[in-house]
Amino acid sequence: MLAAVVTSRLATLLFLALVIAVVPVLAPSSFYLRVASLVWIFALAALGLTILMGYAGQVSLGHAGFLGIGAYAVAVGPARLGLDPLLSFFLGAALCGLVAYAVGKPILRLKGYYLAIATLGFGLIVALVLHSEAAVTGGPDGIQVARITLFGWRISGATTWYWVTAGALMIGAALALNIAASPSGRTLRALHDSEVAATGVGVDVAARKLAAFVVSAVYAGVAGGLLALMNGFITPETASFMHSIELVAMVIIGGTGSVLGAVVGSAFLTVLPQALTILQEYEQAVLGLLIMVFMIFLPAGIVSSLKRFVLDRAP
Amino acid sequence: MSEFLQLVFSGLTVGAVYALVALGFTLVYNASDVINFAQGDFVMIGGMGTVFLAAAGFSLPLATLIAILAAVVVGLLLHRLAVEPARGASPVTLIMITIGASIFIKGVAQLVFDKQFHSLPPFSGADPISIGGASFLPQSLWVIGGTLAILIALWLFLEKTLLGKALLATAANRLAALLVGINVRVVLALAFAVSAAIGAVAGILVTPITLTRYDVGTLFALKGFAAAMVGGMGHPVGAVAGGLLIGLMEAFGAGYVSSTYKDAVAFVMILVVLFAMPQGLFGRRSLERV
Amino acid sequence: MSKTAVRPSALRAGAFAALVAASFMAAPSSVLAADPIKIGSVVSATGPASFLGDPEQKTLKLYVEALNKKGGLMGRPVELVLYDDGGDANKARTFATRLIEDDKVIAMVGGTTTGTTMAMIPVFEDAKVAFISLAGAIEIVEPVRAFVFKTPHTDKTACQKIFEDLKGRKLTKIGMISGTDGFGKSMRAQCLKVIGDYGISVLADESYGPSDADMTPQLNKIKNTAGVQALVNPGFGQGPAIVTRNYAQLGISVPLYQSHGVASKSFIDLAGAAAEGVRLPAPALLIADKLAGTDPQKAVVTEYKKSYESATGQPVSTFGGYAYDGIQILVSAIERAKSVEPQKIRDAVEATKNHVGTTGIYNMSAKDHLGLGTESFRMLEIRKGDWVPLAGVQN
């Protein structure tokens, strides 16, 4: 009984919805709402990555590049091309998918570390372009993002953004769960377990991997767009190598391949720096140490370890 | 011609450092299948350690020696406390562990040292040497010569000593190595220690030219990793060739085309090489021949 | 000690992590003997801009420490709530929100880079709390925003100062090599904007990455460009030191101009003998010991230099000076306003007149939230490993 509840798709969504509903009640100030909104946004990006890593077994060390593309789309679209911000937002997500398709086609032939370095290179090149093409992107100092209006209603304020980002996360989570349960999701996971076996039973391995890469890029693009719109200002730092690493760390710390894991991982790495400020100059060292400790002792991630803990005690 | 020569000197100097870092990646990868992202931080420990020990009154040779030993100790601890307990983890998890270690080392370095840039006096003067209209620093010769010396020493070690042969055997087949009585644990620790020492030496050689700071490791790790991949992961000669190639391409790119995208050169090259030759320039693991 | 240690809000943020497990707990807000005045700061003490942010952080801590030793402000202790954004604009924005919403600071001195400053501006504008930025770009105070001020010279004034000097030497054709970091890029753009006013043209325009270790390829290109009469290097950190070394290595004979981004003694140490003859615009801070006794800035720069260098063992830099000026302007504004009400503080900051700082003499107004002219820069030349003010160039 308990096992069924813990693992069911609907339960995951209900639990997420419950947490989302409870946070504003408990948050003492809108600062906490902002942190929570960031958790939802990065969870969305981590969700995409977990589809790639958990379902398809491929890693990307350059995913912040897509975060950057999505973010700069909503900044550059209205400012330089006169496009509507909302339209730019969707165009940005679509652009991420397109770029992922173009880049992924050759890259995904590579395996393991070769794939890691190729995606890492891709991310660095995106960051470098955002840095260098100052005429379009505003350069290292960043660029202002136009406020977004929906049906004459200006989206601003911490509370509004909290619900917008939470809504986006819910949609993203529902989609991810459906992908996981769908036949293609199952084949993806077969890929993760054994590519040879999957090929043997007639799965078009390359096409599935590419599809997972494109989907994960769109997730990151949407997250980047939301981040830019919420902050109203964006710098090339968004696409930095460190951010790519953070996204991967979120997935692994939470639990690769798990929707809740992506959210927990995002919460962990977003809230942690806020908590670590009391350590002042020791912050960096402790952050590095915590990442190491989690990777070494909880390689399956927080969520699956918790799940196992609960299931082991279930009657 | 003088411009070409100038660029060659520049490229070889920087490339030699990339090559040494790539060599460190290769050694550890061969022995343990781990990509050690903290490899660049050994370069930092070598440079910063020497700077601070020298400032504390140690003579330069003694300071370099202690700094190299310090890097070796950090390398051994990294292996013992972080990599070994995670044996059997996925490659991504292992990458993340070493990245965590790299963040940790930088975090500690900014406390132990400081956040300023530092330099070392050049080993044999700062007067540029002029050849064919190009001028370069005597320190460049130290860097290139040092790289050569390390290469030769490493080759002798791997081919002529029992320990080195054990390392090669472990790289080729861990199970077989175990079966013939090689203490694989010791060999793996050795790989980390040697790669740390190589990184530290690179840091000491290059600091008089490039300056150093607590966070210089990241860039060296990225470029060194790229060099190792371009050469074909796991191939020592490939690592050196990859490093020199990236250094030269960066110099030519900046000198003849544009300096804006200099940092992209290494990664564009990787993408091109990997698309054409998915196993890198020197094929996969020629070490397996042993 | 600075009062940035364990604070209840941080504990609460830590507890926030447990929210997912639905076990939220709020720590009780602490009651201090005399209610402290809370001043906020977000700087980039780590990350790529730590070369700027680190001295800023140290300066702010030292200043508040000294202030509290002297009895604080209006009889109340001052608490500096300081966060490190690591150079990340998104993090800076979050910390800014935290300062306003959670720590409830009455004003803020910080914002190391233009990027982090621009990201934080809306938070302080919305909350109507004064924000004194430590970043360079002109768009921070142009157009004027009601609650945003800044203390560093703008890059434009540095360019003007360099071009004035070039014009005085009748050098009209220059090569430029700039860092691609925020500082270098912004200054390059500003220089290109005003260069026409001086009849100077750029024959070669090169750049280098923030962590590049060798600039000989770019410099060689400039060296081989016919007609270049001077070299200008907008940049900060280790880049300009390497440029200067490479410039000497290649034997380039035209004069080299650096910017205020290198204005710290550590530049001379790093560049070594190669720095000989390099000129740069810099604030009076660098030549504290060489200022005439009658110089209005003599007292303040000597005081700051002494306290910073004895406490940290590191040479003062322009950037720490910006923080010193920022916090001093704020403290003096609070004293004049005799109030900790954010609106009154803002008004008092805007009314800053003849404030003698380490960077220059500030005269702010409703139209100018910086209040420095080009005269605050002095043209220096490096001779025998030391700064020497150039006679006749001072306005």
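Biologist: Before we start, what does contact mean here?

Modeller: Contact means heavy atoms within 4.5 Å. Keep in mind that this is a predicted model.

Biologist: Fine. How many residues do chain A and chain C each put into the contact?

Modeller: Chain A gives 40 residues and chain C gives 39 residues. Between them the two chains bury about 3,400 Å², with 61% of that on carbon and sulfur atoms.

Biologist: Which residues of chain A lose the most area to chain C?

Modeller: Those are F31(A), Y32(A) and D141(A), which together make up 18% of what that side buries.

Biologist: And how many salt bridges are there between chain A and chain C?

Modeller: The count is zero. Polar contacts do turn up, though: 11 residue pairs across the interface, both partners at pLDDT 80 or more.

Biologist: Which element supplies the largest share of chain A's side?

Modeller: That's α3(A), with eight residues. By class, the side of chain A that touches chain C has 22 nonpolar, 13 polar and five charged residues.

Biologist: Switching to pockets. What volume does the second largest pocket have?

Modeller: About 680 Å³. Its lining has 33 residues, and A134(A), G138(A), K185(C), S186(C) and A189(C) lie nearest the centre.

Biologist: Which element gives the most to that lining?

Modeller: α6(C) does, with seven residues. Other elements supplying at least two residues each include α7 (134-137) of chain A and β7 (201-208) of chain C.

Biologist: And how does the lining of the second largest pocket split by class?

Modeller: There are nine nonpolar, 16 polar and eight charged residues.

Terms used. Residues are numbered from 1 along each chain as its sequence is written. Chains are lettered from A and ligands numbered from 1 in the order in which they are written. This is a predicted model: local features need pLDDT of at least 70, side-chain atom pairs count only at pLDDT 80 or more; totals for chains, interfaces and linings use all residues. Side-chain values use heavy atoms; hydrogens and water are left out. Buried area is the accessible area (1.4 Å probe) that two parts lose on being put together, summed over both. A salt bridge is a side-chain nitrogen of Lys or Arg within 4 Å of a carboxyl oxygen of Asp or Glu. A polar contact is a pair of N or O atoms within 3.5 Å; within protein, one must be able to donate a hydrogen and the other to accept it, and residues adjacent in sequence count only if both atoms are side-chain atoms. Helices (H or I, at least four residues) and strands (E, at least two) are DSSP runs, numbered from the N terminus. Ala, Val, Leu, Ile, Met, Phe, Trp, Tyr, Cys and Pro count as nonpolar, Asp, Glu, Lys and Arg as charged, and the others, Gly among them, as polar. On a 1 Å grid over the protein atoms alone, a cavity is a set of points where a 1.4 Å probe fits but cannot get out, and a pocket is an open set with protein on both sides within 12 Å along at least five of seven lines; lining residues have an atom within 4 Å of a point. Grid points are joined across faces, edges and corners, and a volume is the space filled by probe spheres set on the points.
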